[in-house]
4 protein chains.
Amino acid sequence: MNLSFIGLGQMGASMARNLLRAGHHVTVYNRSRDKADKLGAEGARVAATPAEACRESEIALSMLADDHATDGVAFGANGIASALAKGAVHVSCSTISTAMARRLEREHTARGQEYLSAPVFGRPEAAEAKKLIVVAAGKPDLIDRCRPVFDAIGRQTVVAGPEPAQANALKLCGNFMIASMLETFSEAFATLRKSGVEPHLFLSVMNYLFASPVYANYGGMIVDEKFEPAGFTMRLAYKDVRLALETAQEVGSPMPLASLIRDHMLSAIANGQSELDWSSLAYVAARNSGLR
Amino acid sequence: MNLSFIGLGQMGASMARNLLRAGHHVTVYNRSRDKADKLGAEGARVAATPAEACRESEIALSMLADDHATDGVAFGANGIASALAKGAVHVSCSTISTAMARRLEREHTARGQEYLSAPVFGRPEAAEAKKLIVVAAGKPDLIDRCRPVFDAIGRQTVVAGPEPAQANALKLCGNFMIASMLETFSEAFATLRKSGVEPHLFLSVMNYLFASPVYANYGGMIVDEKFEPAGFTMRLAYKDVRLALETAQEVGSPMPLASLIRDHMLSAIANGQSELDWSSLAYVAARNSGLR
Amino acid sequence: MNLSFIGLGQMGASMARNLLRAGHHVTVYNRSRDKADKLGAEGARVAATPAEACRESEIALSMLADDHATDGVAFGANGIASALAKGAVHVSCSTISTAMARRLEREHTARGQEYLSAPVFGRPEAAEAKKLIVVAAGKPDLIDRCRPVFDAIGRQTVVAGPEPAQANALKLCGNFMIASMLETFSEAFATLRKSGVEPHLFLSVMNYLFASPVYANYGGMIVDEKFEPAGFTMRLAYKDVRLALETAQEVGSPMPLASLIRDHMLSAIANGQSELDWSSLAYVAARNSGLR
Amino acid sequence: MNLSFIGLGQMGASMARNLLRAGHHVTVYNRSRDKADKLGAEGARVAATPAEACRESEIALSMLADDHATDGVAFGANGIASALAKGAVHVSCSTISTAMARRLEREHTARGQEYLSAPVFGRPEAAEAKKLIVVAAGKPDLIDRCRPVFDAIGRQTVVAGPEPAQANALKLCGNFMIASMLETFSEAFATLRKSGVEPHLFLSVMNYLFASPVYANYGGMIVDEKFEPAGFTMRLAYKDVRLALETAQEVGSPMPLASLIRDHMLSAIANGQSELDWSSLAYVAARNSGLR
């Protein structure tokens with residue numbers, strides 16, 4: 001297929017590479033050209049604008065940091081919407097708000113273009129290893145059409161529903177699940193350290209108990225205080241928890257635990273942890289226990 | 001070995017049975033005699049009081065609901081402490097407070113008896129299947145002496161430290177980890193239900209993501225609202241979260257997420273959920289979202 | 001002075017009336033004409049659009065429900081900005097976000113117009129009685145120019161700083177102070193009712209203790225469950241707490257108590273209390289205690 | 001009347017002094033004798049033990065730091081209960097738990113003695129100035145009998161109900177009301193400082209708005225960071241919030257705001273603020289905002 005891929009950060013570059021490996025024709029665009037050129041060396045066509053990138057694409061994928069970046073790339077000058085062919089699909093893999101997903105659907109539809117939300121779960125290593133979980137939502141026939149693309153970047157595709165924003169709601173709640181695990185570990189470790197129990201020991205029991213690679217991975221990062229380089233920055237994680245709360249507000253559902261995490265992440269940022277990994281949330285509980 | 005086992009609830013009965021199966025001589029005691037007689041039919045000696053049960057034991061295990069019951073069985077009339085031989089060990093497997101563990105250690109030591117804390121992780125099915133995780137703490141030589149007992153009831157024994165209360169701190173924090181997962185699921189499900197996303201779908205994504213049997217099990221109970229019969233009642237879970245907070249207070253460590261869960265469990269109890277499974281915590285978030 | 005007043009709700013109508021009484025020429029506009037006509041009968045000129053209302057004004061005051069309404073009246077078709085003379089001042093008395101205040105300042109400045117934020121404290125009765133507290137912020141000379149207007153509507157004018165948004169930050173934090181008092185009363189009353197202590201009795205002690213008319217007023221509303229007609233709806237109060245949290249986020253300051261209140265207000269709304277007075281927050285604590 | 005007064009801290013000494021001034025015969029006892037001798041110089045008889053102090057009293061008042069101290073003075077060796085005449089009354093003015101109040105009632109009743117709870121509101125200055133608010137609970141005839149005593153120490157006596165513990169529940173909820181005001185101020189000040197709004201300015205607006213001496217007093221302490229010498233230490237305040245939560249738990253009423261305050265006070269203590277005034281709670285919000 002003729003594809004385009006906009007946004008070549010840690011995640012996006014690996015996803016685009018896997019599309020190339022699967023044999024698709026991929027035109028890439030990135031704000032800072034050097035990242036695009038790297039993909040160019042691996043067989044991608046490099047475009048100078050999002051518009052140029054997707055002019056001849058059947059499917060244009062975007063993987064950007066947030067609503068603001070997505071809005072600019074989709075609807076700014078030389079944006080995707082200005083060039084995408086009628087009937088072609090814009091697939092947003094970014095973790096964006098449900099409000100933004102509705103805006104994308106509305107605007108593309110108004111132009112005779114198609115839109116799907118397909119946010120992904122997985123850290124950069126998973127993107128590289130083609131092991132993402134893809135959560136897609138939108139018209140069933142479009143999802144069918146895009147399935148080869150999803151198969152090329154992930155190990156599993158789940159369909160969240162017929163409205164694109166449903167995938168984003170699911171993705172935001174999933175990130176909340178992980179963030180909550182981080183907060184829980186943080187509080188438990190602070191209490192246990194002050195109780196004289198070795199953190200690694202607690203982690204090993206939790207590994208027996210939960211038997212989850214996610215617990216093992218993040219628990220290990222916290223115990224060893226390995227917060228740099230960040231796989232996912234506190235700044236972006238904070239954004240995601242805020243978006244989860246916005247979705248919850250839209251539908252009228254309080255999420256007090258998400259609020260608590262949001263406040264702790266804001267405290268982390270106010271104390272200089274913006275660019276550390278989000279697992280550095282543990283520092284907030286530690287400070288509140290007088291441990292740092 | 002000559003063992004005694006006090007407290008034959010859902011958990012205790014299975015643990016005692018596994019000790020019998022491992023070839024130990026086990027004398028059992030339970031407040032309501034019928035449960036003891038059941039074990040009697042399987043080869044245990046049945047005693048009329050805790051004192052009688054442990055008079056000739058090398059190791060006396062207790063598995064009771066809470067501090068109050070443990071205190072009564074240990075130090076009440078005809079309690080363990082009144083009969084246990086010098087040098088013999090009382091092993092408390094119950095989920096009790098760190099303060100109670102210190103009291104047990106102090107009192108037994110004063111009588112020339114030994115004490116270990118060895119709380120366990122696992123629901124009744126795991127106790128039955130000999131798949132508990134045993135968290136032991138106390139003098140290393142005592143732990144060595146009791147290891148055959150731990151091996152007979154669990155799949156894994158972890159040593160938390162040289163002070164018995166450390167095992168209880170670890171256990172309480174572990175239960176907090178699970179309780180937090182329940183609260184997180186509860187809030188996510190409420191928001192997703194109001195967003196039109198199928199709860200089973202979200203659960204399946206979480207199963208791909210966390211790949212944890214604990215998530216699968218409890219997530220499934222919540223999605224299907226299978227809160228009866230309770231594997232672990234809200235009433236006891238509430239007690240455990242309170243004990244975790246007490247430990248945190250002792251060592252000077254705030255646990256705001258544990259506080260949040262405590263308050264939601266108290267709300268659950270105030271709304272009649274005392275004897276439902278603790279996974280019915282989901283009803284609190286549902287009510288606060290106007291879903292029930 | 002030649003004034004205009006846009007937005008004649010419960011608060012705005014009383015404020016406009018007090019400006020008339022003080023001898024100013026006031027042109028009024030309201031979306032639903034009948035409220036404007038009422039003021040017309042009392043001496044105001046009635047305009048058909050915001051633009052028409054403020055074409056010849058030295059000062060244009062607006063008093064609207066939220067950011068959205070303010071944006072429409074200020075920058076929509078036939079909005080204030082399209083007609084206000086160079087050098088004339090738009091004074092927004094509404095409780096709007098700090099972000100909206102900055103936008104108003106930016107846009108008016110770009111057109112050679114002036115802007116002040118001057119939100120007010122006080123319920124409809126206080127507006128009627130000319131007893132509002134006016135919190136003004138912006139260029140000092142502009143504040144001086146507008147002082148006769150502030151004196152005509154309030155009992156006290158406080159200057160928050162040279163940047164308009166500072167008045168809005170202060171106002172939002174002030175509303176948070178009241179909302180917090182409501183939540184505190186709510187939890188205390190729930191616990192005391194379940195303890196068999198008469199709520200009126202507790203209120204009378206709090207009146208001795210705090211000696212504050214605000215406590216007396218709101219405490220009385222809660223004890224007597226007088227939540228209709230609403231002096232200030234839950235819907236609008238919820239908006240204000242959200243705006244306080246947005247300001248806190250902008251400057252990097254967690255407000256966990258504001259988050260708690262926001263979540264309880266959202267729960268109130270999800271349970272049908274949207275149009276009750278915000279003091280009906282007490283129902284949330286009552287429900288969580290199993291009292292309703 | 002023949003009175004005795006046990007516990008001559010900042011509060012107790014002033015209360016005992018006011019009883020002397022009102023013409024009562026007062027025998028005093030304090031753990032560290034020097035404080036008792038001071039009162040001795042003002043006309044009190046000084047006793048060597050609580051028992052000796054109250055042997056001939058019609059009414060024995062106690063004013064102690066907490067449950068533990070009260071228990072010791074009441075039921076320890078040479079305690080009140082060992083010496084108080086049948087029919088004489090023990091009046092506990094301390095801020096103790098509702099559980100402790102029930103224990104006092106039960107034990108004194110078993111000895112043919114009488115018991116009243118009469119906790120007081122007011123800081124040391126108010127105790128000195130005879131301006132306390134006395135909250136009494138117990139048998140109506142006993143309250144009548146003790147009224148001259150209450151009149152001698154306070155400006156107002158409120159009867160909470162026929163069961164002593166009701167006065168303690170009310171007192172604990174009242175302290176929670178003040179603690180909540182401290183937390184609210186703390187969060188508002190942190191946000192406003194980061195917004196460039198002068199804290200004194202905000203305080204002056206809150207003084208116009210609430211018109212409460214309690215707000216003026218505590219708000220001023222926070223703004224000026226006057227946390228020493230402590231009128232009421234963080235350590236004792238923390239104890240009170242915990243007792244409020246215990247009462248709430250007894251009756252089945254969640255108090256999430258009290259939980260939040262408890263956690264922040266625990267963080268304050270973990271960060272070395274144990275002996276500062278409880279208004280230093282403001283440091284917690286400041287730290288979480290990166291301000292300290």
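Which domains does the domain assignment of chain A give? I looked this up before anything else, and the assignment lists domain 1 (2-162) and domain 2 (169-288).

**Entry 1. Confidence.** I note that the model is a predicted one. Its scores are ipTM 0.95 and pTM 0.96. For chain A, I recorded a mean pLDDT of 97, with 100% of the residues at 70 or more.

**Entry 2. Domains of chain A.** I took the centres of the two domains of chain A over C-alpha atoms and found 28 Å between them. Domain 1 of chain A brings 12 residues to their contact, and domain 2 of chain A brings 14 residues. I sorted the domain 1 side of this contact by class and obtained seven nonpolar, three polar and two charged residues.

**Entry 3. Chains A and B.** I next asked how chain A is placed on chain B. A rotation of 180 degrees, with 0.0 Å of shift along its axis, superposes chain A on chain B at an RMSD of 0.0 Å. Within chain A, the residue that comes closest to this rotation axis is A:Ser212, whose C-alpha is at 2.4 Å.

I then turned to the contact itself, to which chain A and chain B contribute 52 residues each. On the chain A side, I listed the elements that supply at least two residues each: the strands β8 (132-137) and β9 (154-161), and the helices α9 (164-194), α10 (199-210), α11 (213-223), α12 (234-251) and α13 (256-270). Of the elements of chain A, α9(A) gives the most to the side that touches chain B, namely 16 residues. By class, I counted 32 nonpolar, 17 polar and three charged residues on that side of chain A. Do the copies meet through the same surface or through different ones? I found that they meet through the same surface, because 100% of the interface residues of chain A are also interface residues in chain B.

**Entry 4. Chains C and A.** I repeated the superposition for chain C on chain A, which takes a rotation of 180 degrees with 0.1 Å of shift along the axis and gives an RMSD of 0.0 Å. I entered this as the relation of a two-fold axis. The C-alpha of chain C nearest the axis belongs to C:Ser259, 3.1 Å away. Here, too, I found that the same surface serves both copies, with 100% of the contact residues of chain C recurring in chain A.

In this contact, 11 residues of chain C meet 12 residues of chain A. Helix α12 (residues 256-270) of chain C provides the largest share of the chain C side, seven residues. I classed the chain C side as five nonpolar, five polar and one charged residues.

**Entry 5. Helix α10 of chain C.** Which residues of helix α10 (residues 213-223) of chain C are buried? I recorded C:Tyr215, C:Tyr218, C:Gly219 and C:Ile222. These lie on the same side of α10(C), because they cover an arc of only 105 degrees around the axis. I set beside this the general rule that an α-helix has 3.6 residues a turn, so residues three or four places apart point the same way. Among what covers the buried residues of α10(C), I noted α8 (164-194), α9 (199-210) and α13 (282-288) of chain C. Just after α10(C), I found C:Glu225 with a positive phi of about 50 degrees.

Notes
Residues numbered from 1 in each chain as written. Chains lettered and ligands numbered in written order. Predicted model: local features only at pLDDT ≥ 70, side-chain atom pairs only at ≥ 80, totals over all residues. Least-squares fit on C-alpha atoms with pLDDT ≥ 70 in both. Contact = placed C-beta atoms within 7 Å. Helix = DSSP H or I, 4+ residues; strand = E, 2+ residues; numbered from the N terminus. Nonpolar A, V, L, I, M, F, W, Y, C, P; charged D, E, K, R; others polar. Domains from an automatic or database assignment. Buried ≥ 20, exposed ≤ 12 C-beta atoms within 10 Å, placed from the backbone. Arc of directions from axis to C-beta. pLDDT = per-residue confidence, 0-100.
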